[in-house]
Amino acid sequence: MKIGFIGLGNMGAPMAANLAKVGHQVTGFDLAAPCPEGVVSAESAAAAADGAEVVITMLPNGDILRAVADQLIPAMGAGAVLCDCSTVDVDSARAVAAQAEAAGLGALDAPVSGGVGGASAGTLTFMVGGSDAAFATVQPLFEVMGQKAVHCGASGAGQAAKICNNMILGVTMAVTCEAFALADKLGLDRAKMFDVVSTSSGYSWSMNAYCPAPGVGPQSPADNDYKPGFAAELMLKDLRLSQQAARAVDADTPMGAHVTALYAEFVEAEGGKGRDFSALLPRFAARGRSTPD
Ligand code: NAD
């Protein structure tokens with residue numbers, strides 16, 4: 001397939017490289033990053049989109065996506081599909097899809113889970129919003145870049161799934177970390193705590209697959225001095241998107257709001273930037289009680 005790929009950063013570069021590796025003709029553009037091996041470099045986003053059957057974007061945020069889409073959409077041929085894999089706000093995803101569809105194009109929002117490791121290994125999970133026809137066109141590419149693609153519904157449904165998932169993840173990680181810090185102060189051994197909780201009703205992905213306590217459970221960023229992994233500032237970005245969406249539709253998300261404020265404090269005032277999002281554990285362990293009784 002002839003593919004345009006815009007945004008060749010930490011995630012986009014390995015995704016584009018994997019598409020080229022299996023024989024797709026990939027033309028890439030990034031304002032700063034170089035094209036990975038196998039990807040032909042274009043002069044502009046529009047030039048990368050010219051003649052492409054599918055154009056994939058992997059960009060930092062919704063404002064940049066909207067600006068890039070303004071350049072891409074007039075350059076794309078009728079029937080081509082614009083597939084955005086960035087994590088952006090639901091409104092931007094829907095606006096870009098509407099603009100693309102009005103121009104006779106297909107459009108998908110297809111954010112990913114799995115991080116840089118999943119992008120390199122081709123094991124991402126895609127959560128996808130958009131039409132059946134556009135999903136069918138891009139599905140073979142999802143199979144190269146990932147291990148699973150769930151068609152969640154109409155435009156915006158992929159981004160909705162992503163921010164709901166990550167709001168759950170933020171809350172379960174935070175409470176897992178505070179529970180370990182509480183267990184420490186109660187004199188409970190962390191390995192025993194893991195043994196019990198990972199096989200009891202408090203289990204979760206945060207505890208079982210990504211345990212925030214060093215030396216306990218499976219290998220995780222905690223065992224590597226909390227180097228990310230999934231950086232705390234990226235979790236904060238996704239949590240803020242969840243709260244932006246919740247405000248827009250008048251949804252009550254008190255746990256989501258609280259954990260967003262917690263990560264904001266951690267990232268912006270407590271040196272959490274550049275650390276894994278599970279580094280809330282040493283943060284809690286070093287503190288005394290701060291919540292009012
Ligand atoms: P990144 O900053 O490494 O890459 C973004 C790239 O976009 C950069 O190379 C930048 O130069 C390029 N860019 C910015 N503006 C541009 C423009 N106008 N035209 C062309 N290129 C432009 O970010 P990343 O880690 O690759 O993340 C990309 C997206 O994926 C984000 O939305 C992020 O939230 C999401 N995501 C990241 C991860 C992760 O673990 N890194 C996991 C899941 C989802």
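This is a walk through the salt bridges and the two largest pockets of the structure above.

The model is predicted, so local features need pLDDT of at least 70 and side-chain atom pairs count only at pLDDT 80 or more, while totals for chains, interfaces and linings use all residues. Residues are numbered from 1 along each chain as its sequence is written, and side-chain values use heavy atoms, with hydrogens and water left out.

Let's start with charge. Side chains of opposite charge can pair when their charged atoms come close. Here a salt bridge is a side-chain nitrogen of Lys or Arg within 4 Å of a carboxyl oxygen of Asp or Glu, and by this rule there are five. One of them joins D184 to R190, with 2.7 Å from N to O. D184 has a relative accessible area of 30% and R190 one of 23%, so both are partly exposed (buried is under 20%, exposed over 50%, partly exposed in between, with a 1.4 Å probe and protein chains only).

Another salt bridge pairs E268 with R240, whose closest N and O atoms are 3.1 Å apart. This pair links distant parts of the chain, 28 residues apart: E268 sits in helix α11 (residues 254–269) and R240 in helix α10 (residues 232–249). Helices (DSSP runs of H or I, at least four residues) and strands (runs of E, at least two) are numbered from the N terminus. E268 is exposed at 53%, whereas R240 is partly exposed at 38%.

E270 and R287 also form a salt bridge, at 3.5 Å between the closest N and O atoms. E270 lies in the loop between α11 and α12 (280–285) and R287 in the segment after α12, so the pair ties together parts that are 17 residues apart in sequence. Both residues belong to a network of salt bridges that links E265, E270, R283 and R287.

Now for the empty space. A pocket is an open set of points on a 1 Å grid over the protein atoms alone, where a 1.4 Å probe fits, with protein on both sides within 12 Å along at least five of seven lines; lining residues have an atom within 4 Å of a point. The largest pocket holds about 1,300 Å³ (the space filled by probe spheres set on the points, which are joined across faces, edges and corners). Its lining has 44 residues, with M11, T87, G115, F230 and L234 closest to the centre. Helix α7 gives the most to this lining, six residues.

The second largest pocket holds about 740 Å³. Of its 23 lining residues, those nearest the centre include R283, a member of the salt-bridge network. Here too α7 supplies the largest share, eight residues.
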